[in-house]
Amino acid sequence: MNATDRTPADLLRSALAADPARPLVTFYDDATGERVELSVATFANWVAKTANLIQDGLSAEPGDRVALLLPAHWQTAVWLVACSSVGVVADVAGDPARADFVVAGPGRFEAGLACRGERYALSLAPLGRRFVPAPPEGYADYAVEVPTHGDRFAPYAPVDPEEPALIVAGAEFTSAELVDRARADAPALGLLGPGSRLLSGLPYDTWEGLSAGLYAPLATGGSVVLCRNLDQAPEETLPRRIDSERVTATAR
């Protein structure tokens with residue numbers, strides 16, 4: 001990664017330039033048996049489409065707040081970096097009533113209705129499938145809308161790294177603070193540089209979970225094996241996964 005990178009979107013661009021084919025996020029859901037592996041290029045494509053949806057579909061502007069009512073999931077990671085690409089604030093598990101827009105997953109749809117702005121629903125079904133027959137009332141289906149948006153993204157206004165980018169567990173971070181803190185976390189997480197592979201079973205509702213599950217691997221040229229519902233997996237699952245995924249460090 002480049003020392004000049006000041007936002008998560010910058011980190012992703014550097015990763016894309018360095019090695020677009022390498023894995024970036026490998027996601028497991030031990031409640032459903034799902035496994036999804038996203039290369040840097042595939043992840044960046046999802047981020048570009050989602051950022052275009054935020055900028056053009058929602059008409060969001062820098063400084064607007066998006067409440068992300070989502071668990072640790074590969075699509076949540078996409079939304080986090082897409083928000084930073086546009087300059088909107090990702091409020092993880094934030095109050096929908098105080099947000100300009102809301103993005104919600106199963107179990108959070110009713111709470112999300114408190115947002116008066118536009119709302120997107122994610123099924124979180126394997127392979128990001130759409131809702132059948134229709135999304136929850138009051139929501140648009142992300143899986144239906146996002147494919148219609150472009151594979152390249154350019155913000156209408158430059159993103160200021162000193163402006164707020166993330167709110168989690170009551171703490172607010174600018175893009176620059178987020179990047180600096182992720183880099184500082186890396187050694188303790190066992191992320192020692194490119195090629196490091198961190199398995200995280202932490203939720204995304206704390207900085208520690210977000211850092212281990214996305215930002216620190218992205219900031220150091222590493223990758224993450226993101227595990228949801230790891231507590232539902234048989235006892236022998238974790239050591240096998242560590243071996244098969246060539247994990248170099250864990251955060252649980």
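This briefing covers helices, aromatic contacts, pockets, a cavity and unusual backbone angles.

The model is predicted, so local features need pLDDT of at least 70 and side-chain atom pairs count only at pLDDT 80 or more, while totals for chains, interfaces and linings use all residues. Residues are numbered from 1 along each chain as its sequence is written, and side-chain values use heavy atoms, with hydrogens and water left out. Seven aromatic pairs turn up. The largest pocket holds about 280 Å³ of space. One cavity of 30 Å³ or more is found in the whole structure.

**Helices α2 and α3**

- Helices (H or I, at least four residues) and strands (E, at least two) are DSSP runs, numbered from the N terminus.
- The expected span of a helix is 1.5 Å times one less than its number of residues.
- Helix α3 covers residues 74-86; its 13 residues should span 18 Å, and its end C-alpha atoms are 19 Å apart, which agrees.
- Of the 13 residues in α3, 13 are buried (buried means under 20% relative accessible area, exposed over 50%, partly exposed in between, with a 1.4 Å probe and protein chains only).
- G87 comes just after α3 and has a positive phi of about 100 degrees.
- Helix α2 has 18 residues and should span 26 Å; its end C-alpha atoms are 24 Å apart, which agrees.
- The buried residues of α2 include V40, F43, A44, V47 and A48. K49, N52 and Q55 are also among them.
- S59 follows just after α2, with a positive phi of about 55 degrees.

**Aromatic contacts**

- Rings of Phe, Tyr and Trp (its six-membered ring) pair if their centres lie within 6.5 Å; planes under 30 degrees apart count as stacked, over 60 as edge-to-face and the rest as tilted.
- By this rule there are seven aromatic pairs.
- The ring centres of W79 and Y142 are 5.5 Å apart and the planes meet at 50 degrees, so this pair is tilted.
- The W79 and Y142 pair links distant parts of the chain: W79 is in helix α3 and Y142 in helix α5 (residues 142-145), 63 residues apart.
- Both W79 and Y142 are buried.
- F109 and Y139 form an edge-to-face pair, 5.4 Å centre to centre with 65 degrees between the planes.
- The F109 and Y139 pair also links distant parts of the chain: F109 is in helix α4 (residues 109-112) and Y139 in the loop between β6 (119-121) and β7 (140-141), 30 residues apart.
- F109 is buried, and so is Y139.
- W46, W74, W79 and Y142 are linked into a cluster by ring pairs.
- R241 places its charged end over the ring of Y28, 3.8 Å from the ring centre (the rule asks for NZ of Lys or CZ of Arg within 6 Å of the ring centre and within 35 degrees of the ring normal).

**Pockets and cavity**

- On a 1 Å grid over the protein atoms alone, a cavity is a set of points where a 1.4 Å probe fits but cannot get out, and a pocket is an open set with protein on both sides within 12 Å along at least five of seven lines; lining residues have an atom within 4 Å of a point.
- Grid points are joined across faces, edges and corners, and a volume is the space filled by probe spheres set on the points.
- The largest pocket is lined by 14 residues, with R13, L16, A44, A48 and F153 nearest its centre.
- Helix α2 gives the most to the lining of the largest pocket, with six residues.
- The lining of the largest pocket has nine nonpolar, two polar and three charged residues (Ala, Val, Leu, Ile, Met, Phe, Trp, Tyr, Cys and Pro count as nonpolar, Asp, Glu, Lys and Arg as charged, and the others, Gly among them, as polar).
- The second largest pocket has a volume of about 240 Å³.
- Its lining has 16 residues, of which R22, P23, G195, R197 and S223 lie nearest the centre of the second largest pocket.
- Five nonpolar, six polar and five charged residues line the second largest pocket.
- The largest cavity has a volume of about 40 Å³, and its lining includes Q75, D141 and Y142.

**Backbone angles**

- Most residues other than glycine have a negative phi, and most peptide bonds are trans.
- V132 and P133 are joined by a cis peptide bond, with omega about 0 degrees.
- P133 lies in the loop between β6 and β7, and L127 is placed in the loop between β6 and β7.
- L127 is not a glycine, yet has a positive phi of about 65 degrees.
- L127 counts as exposed, at 67% relative accessibility.
- R246 has a positive phi near 55 degrees and lies in the loop between α8 (237-244) and β12 (249-251).
- R246 counts as exposed, at 69% relative accessibility.
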